[in-house]
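I opened the notebook to record what I looked up in this structure. The entries follow the order in which I went through it.

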Amino acid sequence: MPVDFRAGLADGCHVAPGLDSCITVYPEETFERVRARVTEGARRGTRQRNVARAFIGNSRRVEVDRQGRVALPSMLRELAGLDREVVVVGVDERIEIWDLAR
């Protein structure tokens, strides 16, 4: 993680599948708000339940180590098509991790 993002992730964070085949990283409090919205939306219909299953079922709590690294679960790396080089972008209340080639 870039130095500018580390302070917000010091208490841990969650990684989850993002839109358009990226990995999203949420600080703990932000993830809980997003999870609550996704869970509430799941009550509206089958499509929303499938979104909730994919988002919540594939999210994981992770820690940022002293060097700013995060171990990304292999299933999320595969979903996002991450190879060796990535781009890390801050977007609103989340961080997105993209394969450099994309």
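Which residues is glutamate 96 in contact with, leaving aside its neighbours within four places in sequence? I looked this up and found Cys22, Ile23, Thr24, Val87, Val88, Val89 and Val91. I note here that the model is a predicted one.

**Entry on glutamate 96**

I placed glutamate 96 in strand S5, which runs over residues 94-99. I then looked up its relative accessibility, which is 12%. The cut-off for buried is under 20%, so glutamate 96 counts as buried. Next I went through its side-chain partners. One polar contact, of 3.1 Å, goes to the side chain of arginine 94. Another, of 3.0 Å, joins the side chains of glutamate 96 and tryptophan 98.

**Entry on valine 15**

I turned to strand S1 (residues 13-17), where valine 15 is found. Its relative accessibility is 0%, so I wrote it down as buried. Not counting residues up to four places away in sequence, I listed what valine 15 touches: Ile23, Thr24, Val25, Asn58, Ser59, Arg60, Val62, Val70, Leu72, Pro73 and Leu76. For one of these, arginine 60, I also looked up the C-alpha separation from valine 15. The two are 45 residues apart along the chain, and their C-alpha atoms are separated by 5.4 Å.

**Entry on serine 59**

Serine 59 was in the list for valine 15, and I looked at it next. I found serine 59 in the loop between H3 and strand S3 (60-62). Is serine 59 buried or exposed? It has 11% relative accessibility and therefore counts as buried. Its side chain reaches the backbone oxygen of isoleucine 56 at 3.0 Å. Not counting residues up to four places away in sequence, serine 59 touches Val15, Ala16, Pro17 and Phe31.

**Entry on the loop between S1 and S2**

I checked two residues in this loop, aspartate 20 and serine 21. Strand S2, at the end of the loop, covers 23-27. The phi of aspartate 20 is near 60 degrees, a positive value in a residue other than glycine. Serine 21 also is not a glycine, and I noted a positive phi of about 65 degrees for it. For accessibility I wrote down 63% for aspartate 20, which makes it exposed. Serine 21, at 32%, counts as partly exposed.

**Entry on helices H2 and H3**

Two packed helices are described by the angle between their axes and the distance between the axes. I looked up both for H2 (residues 28-41) and H3 (residues 46-58). The axes come within 8 Å and cross at roughly 150 degrees. Angles over 145 degrees count as roughly antiparallel, so I entered H2 and H3 as roughly antiparallel to each other. I recorded the crossing as left-handed.

Which residues make the contact? From H2 I listed Phe31, Val34, Arg35, Val38, Thr39 and Gly41, and from H3 I listed Gln48, Ala52, Phe55 and Ile56. I sorted these residues and got six nonpolar, three polar and one charged.

**Entry on arginine 49**

My last lookup was arginine 49, found in helix H3. Its relative accessibility is 33%, so I noted it as partly exposed. I also looked up its separation from valine 38: 8.4 Å, C-alpha to C-alpha, with the two residues 11 apart in sequence.

Terms used: Residues numbered from 1 in each chain as written. Predicted model: local features only at pLDDT ≥ 70, side-chain atom pairs only at ≥ 80, totals over all residues. Heavy atoms only, no water. Axes fitted to C-alpha atoms, helices over the stretch in contact; angles between N-to-C directions. Helix = DSSP H or I, 4+ residues; strand = E, 2+ residues; numbered from the N terminus. Parallel < 35°, antiparallel > 145°, perpendicular 65-115°, else oblique. Left-handed = near helix turned anticlockwise from the far one by under 90°. Contact = heavy atoms within 4.5 Å. Nonpolar A, V, L, I, M, F, W, Y, C, P; charged D, E, K, R; others polar. Buried < 20%, exposed > 50% of the residue type's maximum accessible area, 1.4 Å probe, protein only. Polar contact = N/O pair within 3.5 Å; in protein donor to acceptor, adjacent residues only side chain to side chain.
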